Amino acid sequence: MSEEKKIPYKIYLEENEMPASWYNVRADMKNKPAPLLNPGTLKPLTFEEMRGIFCDELCRQELDDTTAYFEIPEEIRKFYKMYRPSPLVRAYCLEEKLQTPAKIYYKFEGNNTSGSHKLNSAIAQAYYAKKQGLKGVTTETGAGQWGTALSMACAYLGLDCQVYMVKCSYEQKPFRREVMRTYGANVTPSPSNTTEVGRRILEEFPGTTGSLGCAISEAVEAATTQEGYRYVLGSVLTQVLLHQSVIGLEAKAAMDKYGIKPDVIIGCAGGGSNLGGLISPFMGEKLRGEADYRFIAVEPASCPSFTRGKYVYDFCDTGKVCPLAKMYTLGSGFIPAPNHAGGLRYHGMSSVLSQLYADGYMEAVSVEQTSVFKAAEEFARVEGILPAPESSHAIKVAIDEALKCKETGEEKTILFGLTGTGYFDMVAYERYNNGEMTDYIPNDEELAKGLAGVPKFPGNEI
C-alpha cells in the first residue's frame, strides 16, 4: 500500500489532543502590529479607554503582544467539545477530478449549528462577558455566520444578544436571520433608524445596502449607550485571531500526526479571523525560522483591501466612532458592491495580518465572484459539501494552485480553510445557476473616493 493510501479520508484528533491554549502569533513577530489609536489624541488606546467598549479580559488579550499562549478556560473547552476537534479532510475526490499530483487538504469548520468557524470566538467572548457580570452584548454581522454563532453562545450562557446585520445580507439571507432570532437574538438591518449613527449614514448614503463598517458603528453605539452591555466583534481584532488559532493548532497537530507538511496554506480574507486562525501556528514556525510555508490570502475583487488598499491608520467603522487601526484599508467610507460573500465585505484587514503582509510573509490575490461560485459547485459535486461563498474564495485559489501543479508536475501539499457551509446562501447559488450573477470590480476613482476619508495626520499620508 502506498504512503498516501495510509492517510485516512478524514483525520480526527482525540479529545485529549484538542488544544489547551490559544496561540498568540504576535509573540513571535519581530515587527509587532501597530497599536490601536485614540482618534481624539492619536495616542495608543489604553486599557481604561478600551474597557468602555470591550469586556475587560478581552481588552487584556487585545493589548498583549508578548504572551505566546493563553490557557483556554475549562468552561470554554467543555463547549468546544460539542464540535471540536473538527476534521482535517483529504480531498481525494477533488484531486482525482483535477487530475493533479498535488495533495489537497481542508480544515472543515462547518460541522456545528452555527455552520462556521465563528463559534470558536463567539463562545469565548460571550464567556468573558458573562464572567464580568454583564447583561448582554451587541455586534454586527455580514453574511450572518458571526451573528448566528454569537446568538448561539449567548443563548447557552443566558446573555442578551443584539445584532446589526448588513442590510443586503439581511434581505438575501432571511433564514440565517431567523436562526439568530430562534436563539433569542434581536436582529436589525443596518444601517437603521434605531441609532444616531445609522440615521446619519442613511442621510449621507440614501438607499445604501450597508456594509460591515456601517453595522459596526451602530453596534458600538448600542453598546456604549446601554448600561451593562459591551460590544463584541467577529473578526479583525487580535483577540479574535487568538481564539481562532484553535483551527490552525488542530490542523497542524493532525498533519504532524501523519508526517504531513503543507507547502501552501490558503484562506479567504475579509477581516482576517479565519485566515489568521488557520495560519497562526504555521506562521509562528516561519517567524522563528523553524520551517517555511507559502501563505495566500484570498479576497473578493469587489472589496480588495489587501491587493488595492493602502497600509495606513483608518477608522474601523463607517461612522468613525471606533479607534483607529493601522491596516490595509479601502477607507472607512467605502461601501462595497452587494456581492454574495457578505462576510468578506469589510473595508479593512486585521492589523496582525496587515503587518505580516507588509513584511512579505504572505501573498494576496483577489478573485471575481462568478469564478468563485464555479469553483464552489465543482467542489460540492465531488466532495459532498456545499461551501459558503466566503470559503469558496479559498477553494478557487486551491484549485488554481492544484492545476499549476498539474502543469509543472510538482507534488505540492495544499491546505485551505473551509470556514463553513453555504446552505443559507441559496439565493446566491440560484443567481449563479440562472446566469444572473455579475462581477463588479471598483475602478480607481471609486477607491480614491473611499480613501479620501482616511484621517490625515503626520506619518499617515497615503
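Right after helix α6 comes G158, and its phi is positive, near 75°. This is a predicted model, and α6 is a good place to enter it. The helix covers residues 145–157. From its first C-alpha to its last it reaches 19 Å, close to the 18 Å expected for its 13 residues at 1.5 Å a residue.

Is α6 enclosed or open? Of its 13 residues, 11 are buried, so the helix is largely enclosed by the rest of the structure. The buried residues begin with the run Q145, W146, G147, T148 and A149. L150, S151, M152, A153, C154 and L157 are buried too. What lies over them? The cover includes helices α3 (74–80), α5 (119–131), α8 (174–182) and α16 (389–408). Strands β6 (136–141) and β7 (160–166) are also part of that cover.

Now turn to the strands. Start with β10, residues 264–268. Five of its five residues are buried. In a regular strand the side chains alternate between the two faces of the sheet. In β10, both faces are covered. V264, I266 and C268 are buried on one side. I265 and G267 are buried on the other.

Strand β10 has β11 as a partner. The two pair in the parallel sense over five bridges. V264 stands opposite R294 in β11, and I265 stands opposite F295. Strand β10 also runs parallel to β15 (residues 413–418), joined to it by three bridges. There, the bridge partner of I266 is F416.

How does the chain get from β10 to β11? Helix α12, residues 273–287, belongs with both strands in a right-handed β-α-β unit.

Strand β11 spans residues 294–300, and six of its seven residues are buried. Besides β10, β11 pairs with β14 (residues 363–367), in the parallel sense and over five bridges. V298 of β11 stands opposite V365 in β14.

One residue of β11 deserves a stop: I296. Its relative accessible area is 2%, under the 20% limit, so I296 is buried. Set aside its neighbours within four places in sequence, and I296 is in contact with V264, I265, I266 and G267, among others. The contacts of I296 also include L275, E363 and V365, as well as V397 and E401. The C-alpha atom of I296 is separated by 8.5 Å from that of C268, which is 28 residues away along the chain.

Finally, look at the nonpolar cores. The largest has 72 residues. Which residues have the most contacts inside it? They are W22, Y80, F306, L353, M362 and L415. Take M362. Beyond its neighbours within four places in sequence, M362 is in contact with L275, I279 and M283. F295 and A297 are in contact with M362 as well. The list is completed by F306, L353, L356 and Y357. Apart from this core lies another, of 27 residues, with V89, I385, A398 and A402 among them.

Conventions: Residues numbered from 1 in each chain as written. Predicted model: local features only at pLDDT ≥ 70, side-chain atom pairs only at ≥ 80, totals over all residues. Heavy atoms only, no water. Buried < 20%, exposed > 50% of the residue type's maximum accessible area, 1.4 Å probe, protein only. Helix = DSSP H or I, 4+ residues; strand = E, 2+ residues; numbered from the N terminus. Pairing = 2+ DSSP bridges. Right-handed = clockwise from strand over helix to strand, strands pointing away. Core = buried A, V, L, I, M, F, W, Y, C linked by side-chain atoms within 4.5 Å. Contact = heavy atoms within 4.5 Å. Expected span 1.5 Å × (residues − 1).
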